[in-house]
Every structure is written in C-alpha cells, then in structure tokens.
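User: Let's go through this structure together, sheets and helix packing alike. Please give your reasoning each time and finish on the answer.

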Amino acid sequence: MVTDEMNRCLGIVRVADLAREVTAAGAWRRREPDRHRIMLGRGPPYGYEGGMPQNRRALNRRALLGTGLLAGVAACTPAQPQAPSGPAPSGSAAPHAGGAAFDPQDWASVRAQFALDPAYAQFAAFVLAPAPAPVREAVRTYRDGLDADPEYVPPGGAEPDQTVREAAAQYLGIPTRPGDIALTDSTTMGLGLLYSGVRLRPGQDVLTTEHDFLATHEGLRLLAERTGAKVRRVRLYDDPATASADRMVEAVRKGLGPRTRVVALTWVHSSTGVRVPVRAVADLLAEVNRGRDEHDRALLCVDGVHGFGALADGPGELGCDFLVSGTHKWLFGPRGTGIVWGGDWKAISPVIPSFSGAAFDAWQGRAPGPSTAELVTPGGFKAFEHRWALPRAFAFMSAIGKDRVQRRTQELATRLKAGLRELPSVTLATPVAAELSAGLVCCSVSGMEPFEAVRRLHEQKVVASVTPYNPPLLRFGTSIVTTPEQVDQAIRAVAALR
C-alpha cells in the first residue's frame, strides 16, 4: 500500500483509485491506463470500452513528463545527468561561454553573454530573440539529458513545471503566486487561450482598440463568431507621436458599455512604440466595477509582450486581471515559451486538454473543480529543454535588476529618439516621453520604403525591422544588448539613407 506521504514524495496528485505497487528495485510505480498510444496518435489502448480504460498498465516517467505530476519523481529515482541548479547569474560569478566572469553590473559583461555578431548593431533582438549564455547552457544540458535518456527529468526533487511557475512568480513580484500562472508557447497562444476560454453571458460585449496586433484582433474575431458577442474597437490616438495618457484613458471610458466584460489592450504597441497607461485604465475599471456583479465585472486583459522584460512593472503595478506574454523577446528567454498571469481564472474555461492532476481526475469521471491556471495550461509533449531553462532567464534578468534594465532600455531609446528627431528626412512615430514608450522606436524615412531602409541599414551593419502593420514603419528596439555607441551608429546610418 502506498501511503499519502509516499505519494507526496512522488508528487502524484490523486488521479483515480488505481492500484500501486513497489517494484523490486524500490522505485514507486503507478498502475493506470496506457496513455502512450493516445498521446502519440496511435488510437485507444487495449481494453478500451465506451471511452473508459479497462486494461491498466504501469506508467513510467516518460508518460508523466509533461503532465504536471512529476514533483519529486527525480528524488525517488536513480541519479540523472546533472542539470543546472539555482540561478547562475548572480553577483560576480558564473563564466559565460567565452570563459570570462559575468558581472551583472557591467553592461559590457551583460552584452558578452550573448552570441550575437559583434560586427552588427542589433536593434531587432526582440524578434526571434537570442538567449544569454546561462539560458543556452541550461537548454543544452536538458537537451543532452533527454537525448541520453528519454525518461530524463531534472534532478532535485521539484516538479519541472512548478519550478518554472515559481521562478515566473518571483520575477513578477507580489501579489503573484505560482498558481496564478499558466505556461504557454507564445503570446499568441496565451491570448488564444484567454479569448477562446473567457466565459461570456448573453448580452456581454468586448472592447479593444484599433492598434492591437493580429493575435488580439483575430482572437476576438473568433470569439465573436463562436458566441455572437459584439466586439468594439476604439482609437486611442490619431498621431502616435502626440499620444497622451489622458486621451487614451478617456477613449477607453467612452468605449465601455454597461455589459462590457472584456477590455483587451496591448501594453506597448508594436506598430508605433506607444506605451498604454495600463494602470490608469485599471483604476478606471475599478471605479466602473464597483457597481457590478462579479460575473459582469470588466476584465482587463493585457498583451504585455513588448513591455515584459523591458519594463519593471508586474501585475501588481499594472492592476490588470490577466497579463499575457511570450518570454523569448525582451526577457531573452528560450524560444517557444510564454506565460499567462491571471487573477480570476474562474472566468476562463480551459480550451485545450491539460495534463494536470485535475484533468486526469476529470478523465476518470471526477469533477475537476473550478478552472485554474494549471487546467488552462495546454498539455502535450513540449520542447521541455526550453521550458525547463526558463528559470535561468528570470534569474539572469533579476541579477541585472529589473529597474536597471528599464532605465537602460529607456535611456537608449531616448537617445535614439533625440538623434532621429534632428534628421529632416525622419518622422518619428513614437512618443518622446519615457512614460509613454518603452524600448521600441518607430519612424518613417521620407522617400524610402521601410523594407528598403532595413536593407540599406543592414549594409551599414545596423539591424532594424519593419512593423507588420498598414502602413508599415521602420522600427528599432533598444535593449540590454545595445550600447550607446551603437545608438549613435544607427543615427548616422539613418542620416546616410538617400
């Protein structure tokens, strides 16, 4: 008989009244349905009748790998290849790939953690972002562990996904808790889970803006198709360079209806670099919600990808109900990773089966209970070496300091905007004020298409990008991999465009 204490050691949430046994080697093994064939697309396993398992087979760690049921498995199994433990980048310590010690207080040392070509001034690092040495090393270690042993899980006794949630919660700050965080593969996936799962009552509607990216607009269009809910868009500004916080908040206020359930905003617009005053909008909605029933509260849902990692604010400072972000852009985490922080998961229905304990309970006929971040987290087999390396990205940025990262990002952006404004051929689209912008700087060059400008700048060893909007703009991103000298180089390169 396996005791509750033993189950806690294994980190196994009760799934069903399944037989358990102790193997001769002393490793615990649970006997339950064969999930391998289902997960690999090979149809139902032996003995399925009426959709419920009749035959039960022992399930090894591989089948549990992505389920969220792995807490403590490594502590109860033979030793595995050594994985990273604890935050590598702290104080004075860990060497980067080139062998030099990493000093998070030295911007040159921070830049040296990246494998970017030093011949280029990099202003598009936020797109398919590079990862610093500690993150790359963690990915490599976990990948090698999985390649050497397909049943590999990181040692140390912790459930891998829970470790990621705890690192994210610590980075986001109070009042964030690990249980508030769903794990995703991208901002687009997070927004899709949110807007596909939000529970709307008849007559409730959605408010968004004209300035949001495809992931928000398409997610809401699909929501409207499924539910019949009306989606309204408001214009926050006409000229982004002269956008004001008061006007943006007032536009949201005027767009609200008595049954508005979702207010979908983007923290920093990738089209213009405008930073929306999310806290002020949250304060407005707090006033509106005072007279509303819980199920009619307007939920503030924020696409935070171009603020998360560049700016220091977390959910507590923003005051939003949901914050969605990929973690590979300005955080410089592993590609294919993301999070959704939520303060009211009961308002969201899961739309993709999870591998949580509650999901397995539901599979066995037990009520899963209220919706949670873990239930909303999609199940399935992932690029686990990337997900498990995410805590290293949080540790890396925390070692530098979130406030220092924001100051650096905005100081460089301010320097870039000041130089571009002096050029007669350039029209700046991003507000000059730091409180209305972050690290994105968007502009147009008279007589030149943005794609041509990007090509010509690349010839001068300056890497920029184009906004995926109509009309497109030339876009720069100042970040921790950018130097003041490179900002000046970019200004000179733009001035030379003819």
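Analyst: Before we start: contact here means heavy atoms within 4.5 Å. Also keep in mind that this is a predicted model.

User: Good. What covers the buried residues of helix 15?

Analyst: Start with how covered helix 15 is: ten of its eleven residues are buried. Among them are Leu 390, Phe 394, Met 397 and Ile 400. The cover over these buried residues includes helix 4 (107-112), helix 5, helix 6, helix 14 (384-387) and helix 16.

User: Are helix 5 and helix 15 roughly parallel or antiparallel to each other?

Analyst: Helix 5 (residues 133-148) packs on helix 15 (residues 390-400) at an angle of about 165°, and their axes are 8 Å apart. Angles over 145 degrees count as roughly antiparallel. Therefore the two, helix 5 and helix 15, are roughly antiparallel.

User: How do the residues of that contact of helix 5 with helix 15 divide into nonpolar, polar and charged?

Analyst: On the helix 5 side we have Pro 134, Val 135 and Ala 138, and they meet Arg 392, Ala 393 and Phe 396 of helix 15. Arg counts as charged, while Pro, Val, Ala and Phe count as nonpolar. For the contact of helix 5 with helix 15 that gives five nonpolar, no polar and one charged.

User: Which residue just after helix 15 takes a positive phi?

Analyst: Helix 15 covers residues 390-400. Just after helix 15 comes a residue with a phi of about 110°, and that residue is Gly 401.

User: Which way does helix 9 cross helix 10, left-handed or right-handed?

Analyst: Helix 9 (residues 245-255) and helix 10 pack with an angle of about 35° and axes 9 Å apart. Val 249, Val 252 and Arg 253 from helix 9 meet Ala 280, Val 281 and Leu 284 from helix 10. The residues of this helix 9 and helix 10 contact split into five nonpolar, no polar and one charged. As for the crossing of helix 9 past helix 10, it is right-handed.

User: On to the sheets. Which strands are the edge strands of the seven-stranded open sheet?

Analyst: The seven strands run in the order 7-13-12-11-10-8-9, with mixed pairing. An edge strand of this sheet pairs on one side only, which picks out strand 7 (181-184) and strand 9 (231-234).

User: What is the bridge partner of Thr 266 in strand 11?

Analyst: Strand 10 (residues 260-266) pairs with strand 11 (residues 299-303) in the parallel sense, over five bridges. In strand 11, Thr 266 has as its bridge partner Asp 303.

User: At what angle does helix 6 run to strand 7?

Analyst: Helix 6 (residues 160-172) lies across strand 7, strand 12 (322-326) and strand 13 (338-342). Relative to strand 7, helix 6 runs at about 115°.

User: Why is one side of strand 14 and of strand 17 left without a neighbour in the sheet?

Analyst: The open sheet here has four strands in the order 14-15-18-17, paired antiparallel. Strand 14 (426-428) and strand 17 (465-466) stand at its edges, so one side of each lacks a neighbour because each has a single partner strand.

User: Which residue in strand 18 stands opposite Cys 443?

Analyst: Strand 15 (residues 440-445) and strand 18 (residues 474-477) run antiparallel and are joined by four bridges. Opposite Cys 443, in strand 18, stands Leu 474.

Technical notes
Residues numbered from 1 in each chain as written. Predicted model: local features only at pLDDT ≥ 70, side-chain atom pairs only at ≥ 80, totals over all residues. Heavy atoms only, no water. Pairing = 2+ DSSP bridges. Axes fitted to C-alpha atoms, helices over the stretch in contact; angles between N-to-C directions. Parallel < 35°, antiparallel > 145°, perpendicular 65-115°, else oblique. Buried < 20%, exposed > 50% of the residue type's maximum accessible area, 1.4 Å probe, protein only. Left-handed = near helix turned anticlockwise from the far one by under 90°.
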